[in-house]
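Work through the following exercises with the sequence and the model at hand. Each task is followed by its solution.

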Amino acid sequence: MIKTKSAAVSMLTLAILLSACGNNNNNSNAGASSPAAPASSQAAASPSAASGEKVELRMAWWGSDERHEKTQKAIELFESKNPGVTITPEYSGFDGYMDKLNTQIAAGNAPDLIQMGGNIKEYVDKNALLDLTPYVGSTIKLDDFNQGLVQSATFDGKLYGVTLGVNSTSLMYNKALFDKAGVPVPGKDWTYDDLKNVAIQMSEKLGKGNYALYDLSSDSGAFASYLGAYGKKLYDTDGERHFEKEDAVNWFKYWADLRAAGAVVPADVQVANPPTAADTTLVVKGQVAIQAGSASQLAGWQQLTQDTLGLLMFPSGPAGSGMVPPLSGQYITAYADTKHPEVVAKFIDFMVNDPEAGVILGNSRGVPPAGKIRDALAAQATPVDQAMYDYISLVADTAPPVNYVQFPVDNELLALMKLTTEKIGFNAKSVDAAVDEFMTEVDKLIAKSKAQ
Amino acid sequence: MQKYKTYLAGYLFLLPWLIGFLCLTLSPIGASFYLSFTNYDLLTTPKWVGLDNFRSMFTDDYRMIDSIKVTLQYVFLSVPFRLAFALGLAVLLNQGMKFLGFYRTIYYIPSLLGGSVAISVLWKQVFDQNGIFNDGLALLGIQGHNWIADPRFAIYSLIGLSVWQFGSVMIIFLAGLKQVPGELYEAATVDGAGAVRRFWRITMPLLTPVIFFNLTITLIQSFQTFTKAFIISKGTGGPINSTLLYSLYLYIKGFTFMEMGYASAMAWLLLVIIAIFTGLLFFSSRYWVYYSDGRD
Amino acid sequence: MTLSMNKQIKSVIFHVIVLGCGLLMLYPVFWLISASVKPTTEIFTSKSLWPSAFTFEHYSSGWTGMRNIQFGDFFLNSILLCIIAVIGTVLSSSMAAFAFARIEFPLRKLFFALMLGTFMLPGHVTLIPQYIIFHKLGWVDTFLPLTVPKFLGDAFFVFLIVQFIRGIPRDLDESAKIDGCGWTTLFFRIILPLSSPALITAAIFTFMGTWDDFFGQLIYLSDIKKFTVPLGLRLFLDSSGSSNWGAVFAMSVLSIVPSLTIFFLGQKYFTQGIATTGIKG
């Protein structure tokens, strides 16, 4: 499979080097030898750190200040324990991370260690990532892991990534607004009718400029959970969609009704203050009570407000809870063409299993997957951390035992749902017409994913 | 013999550009031309699909129409305003007044912010529902809108941003005004021509090469505007594609949706569109642009 | 008497309008400066431009708050890049412009059209092929992909300088040639000095363009030690998590300073103008 990739690179290279000036010393094996990675050229023998040979790796991740700091500390610890190994960090915010990674992969110059998100499957399908199966058991120990987490990065029986943190979709709420409205915070067994009632009741009491809910109709996690609660699925292993137009109409109409009742944030306010970032969301500012978010955001966001924030599950429906089991938030993966797969595997294991590294990294990527690390962290957890642990345990207990399959071209689904929501929210299209377009485009996305 | 020496001199002066063109520019352009006929997801080998990309651009892409409409609106509103603003201020700030250096700097500062990440926040402070622009309208008794987040108005806030950053165009005009030889003015003043007459009879004709340059370049750059739309819409082109400028859509297709073959096809279509407009400008230039070197 | 009074009033009105409009346009910039010295909790909540209390914590946290690196290193890298870029661009673009504007040689018009053509193709689609070339040359994660191309001419600046050179009367060349000057002398002695407004414009624009170029620097630089100001600013932002906007604003204010200085110094040359008379005689 590495062959195919190298072929892709050589092909492009060839097109480019048709020009007379292309000065290339070693284009015979374009994918595998990169002058920029200053490792020894006899690397094929894959030297291990133990032999004392110098190994230079690169590791890429995205994140905030805090994660950069902690990850670098963990890398330094690994280097001190493994003399001869140096790992050059390549970190940034999320903006541009994937663009750069794609460029590097296209040129055969990607970092050895790569932090990946939910789109891991696309990269597996395109043979960009290293099969870690040969190292499982010997170098990478996963006995302590929830098998669902291992499964989520396993494709065709091969493991391509190791979870760095467990996460879950959630409804994040601002308790101060519930108190202000005099409405009790709902419990874990609530339905979509309850949500509607709570939202309308709260919005009436909170008055102008405050809202009970963000418009969740564009949130693919919320939609997946809704479909689950009504016995349907967004997508499944067979590569098909498992919902009908009627389901999508119900979903978008549910939110259109709430919007008409003044219970959700109007479309223009939502565009101006998207709930996706801590500095723009009105939940942190105390103007909206509930939004969708991922559980691991709780601790960081709580630091920005005096109000107490908390986590709720999505409502249930006739088919029970549609919650998706806790998922991997981020994976550590290896580049398919890395020259030091064994050292890379060793570092992967270090990140998730080393007790010292575990304490250094903390919850910066979600709840650590290994039980012993989690226990060590639980002993020193703050109340906010504890709330997140409790919530994730609750989801694990509640979620139905279905095999959840991520929608393949997730970025495009997100963009499509956002567009559909906006067309309805700004009254550019009726629910029915917007959903017609939505269904056509979803089917195109599924066709595209099949063609890949 | 003299002729060949001249040829040689021409190529020697052109050499750096020629090397760059042949080594660094030509082959990537060739590659992108080839890719426009393929299905290329960045990670695996491009697959030849013939004209499929071009066909689906016109028949099967529900965002494309929106994107083209928005881009044309942006180009045809921002180019004239930007140029008029820049030329007006350049002429104004080229008089022999006090503090001119200071004023020029003030008017240039917005352009210094360029594509800074801070722009998205700053623009929101001005054009948000609670922004200062609406405060100003309220003083006049006008009810404002959420200018950035409302699909009816979002493109205008983007055009406003482009006009606000007119500084670079102004600088080129200023440089052009400086090249007008002072003695021509002196001669005209002696002949009794007034300021307005001097402007139209001397300044404008001598400034036409620079006006032509600014018009051409602003047009090309406006068709390619990316960063502003990317920053203001947080990379989405929303709400409802109202800021989905062509280059932003191309970028989303190429890098976010990983359809680089399609994005390349889009780029070549844009090139053709821009080339037509630029060609028309060059054709028209022989009727209104005056070069002192007397060559065409 | 009344005439000069009139003139004075006119002048005052002129200054009030120019200054007033200028300050109005600068509102976002004032907001930026004010946000950089406000306490964190006040940045997005208070509309007043005057902070309730001045704090410089954003400056210190932005400058020194990162592990193993200081923001000052990003400044040094950016300044180095910009200086090299300015020298390269001005030299190579003016040479090409001189050739296009003054010398007759075969294929001149074709090359000029091709040059403008390269300017019309959006850069995003040539990015990856270009990256592959630089990767093959072993230049990725060095400053070379960001500087060497600057020595190979830039379509925008070539076109700009061509327009200016064409504004210089040809009889100057002829008289120079009669004096026995070669092309090189003509270029350095006559054309370059006479097109200095365009060259200074090109220098200022190159400085700012390079200072501002996020995407190119993002793609080609990976090692944090080589990071530049735009990359450094993005380190405080994480759209998927929480961002340190205070530090972004503080460092944004500082990042304007070099360009502002360059501009302020450069713009003096516009006011002085060019003495064409001396050369003509």
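**Exercise 1.** Find where helix 10 of chain B is kinked, and give the angle.

Solution. Helices are DSSP runs of H or I with at least four residues, strands are runs of E with at least two, and both are numbered from the N terminus. The bend at a residue is the angle between axes fitted to the seven residues ending there and the seven starting there. In helix 10 of chain B, the kink is at B:T208 and amounts to about 50°. The proline B:P209 follows shortly after.

This is a predicted model, in which local features need pLDDT of at least 70 and side-chain atom pairs count only at pLDDT 80 or more, while totals for chains, interfaces and linings use all residues. Residues are numbered from 1 along each chain as its sequence is written, and chains are lettered from A and ligands numbered from 1 in the order in which they are written.

**Exercise 2.** Compare the span of helix 10 of chain B with that of a straight helix.

Solution. The expected span is 1.5 Å times one less than the number of residues. For 29 residues a straight helix would give 42 Å. Helix 10 (residues 195-223) of chain B spans only 36 Å between its end C-alpha atoms.

**Exercise 3.** Describe how the two domains of chain A meet.

Solution. The bounds, from an automatic or database domain assignment, are 53-166 + 328-387 for domain 1 and 169-323 + 408-451 for domain 2 of chain A. Their C-alpha centres lie 30 Å apart. Residues are in contact if their C-beta atoms, placed from the backbone, lie within 7 Å. On this criterion, 10 residues of domain 1 of chain A touch 10 residues of domain 2 of chain A. On the domain 1 side, helix 15 (residues 383-398) of chain A gives the most, three residues. That side has two nonpolar, six polar and two charged residues (nonpolar: Ala, Val, Leu, Ile, Met, Phe, Trp, Tyr, Cys and Pro; charged: Asp, Glu, Lys and Arg; polar: the others, Gly among them).

**Exercise 4.** Which helix of chain B gives the most to the side that touches chain A?

Solution. The contact joins 30 residues of chain B to 32 residues of chain A. On the chain B side, helix 1 (2-35) and helix 12 (246-256) each supply at least two residues. Helix 1 of chain B gives the most, with eight residues. By class, the chain B side comprises 17 nonpolar, nine polar and four charged residues.
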